[in-house]
Amino acid sequence: MEEPSMADGRDEDADTGDGTERCDDTETSDGTEASDSTETCDETEASDSTETCDETEASDEPESRGVALSPETWRDAVPPRTPAIASDSVPVDEPFDHEGWYLNRELSEVAFQWRVLHEAIDDRQPPLERLRFLSILTRNLDEFFMKRIGGLKQQIDAGITESTVDGATPREQWADALEMAGDLFETQSRCYHEAVKPALREAGVAILSYDELERAEVDHLRDRFESTVLPTLTPLTFDPAHPFPFLSNLSLSLAIRTRKPDGTERFSRIKVPENLPRLVPTTPDSSSDAETRVVPVERVIAANLDLVFPDVDIVDHSTFRVTRNAEVRRNEDVAEGLIERIEDVLRQRRFATLVRLEVDEDTSEAVRDLLVEHLDVDEREVFERRGPLALSDFGTLHDLDAPELKFPAWTPRKHPRFAGLDPKRPEEIFETIRERDALVHHPYHSFTDTVQTFLDAAARDPNTLAIKAAIYRTAPDSHVLQSLIDAAKNGKQVAVMVELKARFDEENNLRWVKRLEEEGIHVAYGTVDLKTHSKVALAVREEGDDVRIYSHVSTGNYHSGTAKGYVDLGLFTADRDIGQDLVRLFNSFTGHSRNRSYRKLLVAPETLRERLYELIDREREHAMAGRDGRIVAKMNALEDPGIVERLYEAAEAGVEIDLIVRGICRLRPGVDGVTDTVSVHSVVGRFLEHSRILRFDNAGDPAYFIGSADWMTRNLDRRVEAVTPVEDPNLRATLDDVLSTMLADNRRRWTMRSDGSYVQERPGRDEETRDTHEQLMERARENTPDDRTTPDPEPRREPSVDLDGVFTSETDSN
């Protein structure tokens, strides 16, 4: 994908995103429809070596047709199909706990990244959006290697040979994932050079190599290099008097070989400064009506190496990049404070084991061998790529003032129930929630005008006695936490659960913990064995002789930035049972014991798993009794073997099951006689699909839920999650509308086959284009009371695949 397009790879939940996201953190066009020039299957012209639609081995179902994406076929993949990750053969005579019934989670994640890559390949997208998806994909894969490949390498080094539920050992998974990632990298590089870069050039945005520059541009860049770049560089030479230089994680470096007059050769490394713009304008005013011209900063450095190494010959130079393992942990039995442990983890990551070495394809064999030897990497961990490397930095071009080259800007709209409400008049806000539950849908609805308004009102309200919130990730300049600080200053009792172990947000959360404690706020940090991932808040309010609890239960974080790129849902309610459940949940955060039962909430790890089993089994029983059984579930990942087995049993009994799973999915749909009633869909587009929605039809008396938990083992057993029922008929209708819109999408939706491959849905010749994100944006426009919406802050990180749903270890519940 995630990053938020679907693709930010980070969840809020970093939860890459995209994103989602985002990849994974990765997103869809606002109003984009396929042009008349878009090739359909029958219209595709392909070379003899390229598999066309008619040549594809496929069943008669239209969703199975397509060309597998690969370095050889990406240009002609219409409709596209991602590579298979398992054989077509399924052991139908074996029980459902047999390894052949399960897809591998690592390869399923790489399959998701192929779908993110296709957003860059797809020429129906504006060119700057295509470049942005290449940027998102780079971030997603960086995090995949840091987390998933890093975790596998740790297991290999520890001598672990135990197989996962799909029968693969850590070493087998490591090798297969590296091989599959290699094709992905190659296709990404080809897509950049052969499709995206030329499309941008044609549109007036030129990313240039040095031999394309004019003389005046070369002179300007040399002057700029000498004045602003050269002083920031620190060349480190490796020789008998100097050790091999330390390489920080994800740093882009130049490898330079020089030769002295006496013939002595030396290797040096220059780190490309991270605090300088990656893309340098070729002239003081590089943007004109005709063209924007930029060149990567590493090319500027390489072209002026004579100023860095005077009086020696430059033998050769190339770029390379290293990725280190982020899966560092301490002995769980060490008796030390959680804050100290997290700080230690952050320090360890700088020096963690390498898990990937990327080198420019022009790298000399001598330099390549030197890097492999001194960085101690396996040859399978070395990826030779056509530069430039680290396309994540190229996403900054998306900020160009070129609206014709990207999606039309989207401003979240006011929610009809919150329109006209002002936190300075808190009574009106609480009265609105008291009258009827409200469901907010980000980024279609403004975070500022809903969630932030609720918290601001509670902080100001003289009748509010207490405010509590669970924070997993939040913005560095969080207005949410500032509201809680204001509440404490106004005399409210404030308690905040801040999860210090939120992957890649530990440092930001540590800063906020210290600030909150300085303000006298009660802060809980979570526990060693569980990660608090629930997204909940409440305000306790005195009303006459009574005390009422106003609750917010969400699928997304209290992060104003990602709320503009992540698709999430939040329920505001004054329901007493839900309020009392949240009180018990917060008491478990700050106390030393956990509740084992709740009135309405489904809470992990206490009740969620067993309740999901009951709901799935109930649909199976309906089907076996001749009544309709139906399940529709939307989530980021479906990984838990116990849930998958229950779904297999339900499907075998005839339950109709639609699963909308953005990323990882272990279940194999479309197996004759077993899962032919199961469909698995994935929507990848403009926004990072991050919400979780569950609907169990129950023979006409349906149950609906939203919440923080995916169907992953870590979410069910090793995290504190909160899932709430949605009981209001109007809000249930809204959830139905969202689900039906996604299931009817023929622009951004992919359908999964039993071998783990996905085929993208395409509109027929005379069929209207149905784009989930565009349709939901249009409905939000239609329902906006007025256009005076408070702009929400821009996302701090690109939506891509969220780390919360993808990149966490089997043994560490991030």
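**Figure 1. The largest nonpolar core of the predicted model.** This core counts 94 residues, and the members that touch the most others are Leu638, Leu647, Leu659, Leu667 and Trp711. Why does it lie between domain 1 and domain 3? Domain 1 (102-405) and domain 3 (602-783) both give residues to it, so the core ends up between the two.

**Figure 2. Zooming in on Leu659.** Leaving out anything up to four places away in sequence, Leu659 touches Leu638, Leu647, Leu667 and Trp711. Its other contacts are Ala633, Val678, Ser679, Val680 and His681.

**Figure 3. A second core, separate from the largest one.** This one has 37 residues, among them Ile433, Leu516, Ala537 and Phe572.

**Figure 4. Helix H18 and what it packs against.** H18 spans residues 772-782, and its buried residues are Thr772, His773, Glu774, Leu776, Met777 and Ala780. Which elements do they pack against? On the strand side there are E12 (438-442), E19 (566-573), E23 (678-683) and E24 (688-689), and helix H17 (729-743) joins in too.

**Figure 5. The start of H18, up close.** Here a side-chain oxygen of Asp771 comes to within 3.1 Å of the backbone nitrogen of His773. His773 is also one of the buried residues of the helix.

**Figure 6. Stepping back to the whole protein chain.** The chain holds 19 helices and 29 strands. Of its 814 residues, 63% count as buried. How much accessible surface does the chain have? The total comes to about 30,100 Å², with 44% of that belonging to carbon and sulfur atoms.

Key:
Residues numbered from 1 in each chain as written. Predicted model: local features only at pLDDT ≥ 70, side-chain atom pairs only at ≥ 80, totals over all residues. Heavy atoms only, no water. Buried < 20%, exposed > 50% of the residue type's maximum accessible area, 1.4 Å probe, protein only. Helix = DSSP H or I, 4+ residues; strand = E, 2+ residues; numbered from the N terminus. Contact = heavy atoms within 4.5 Å. Polar contact = N/O pair within 3.5 Å; in protein donor to acceptor, adjacent residues only side chain to side chain. Core = buried A, V, L, I, M, F, W, Y, C linked by side-chain atoms within 4.5 Å. Domains from an automatic or database assignment. Areas by Shrake-Rupley, 256 points an atom, 1.4 Å probe, with all protein chains shown as cover.
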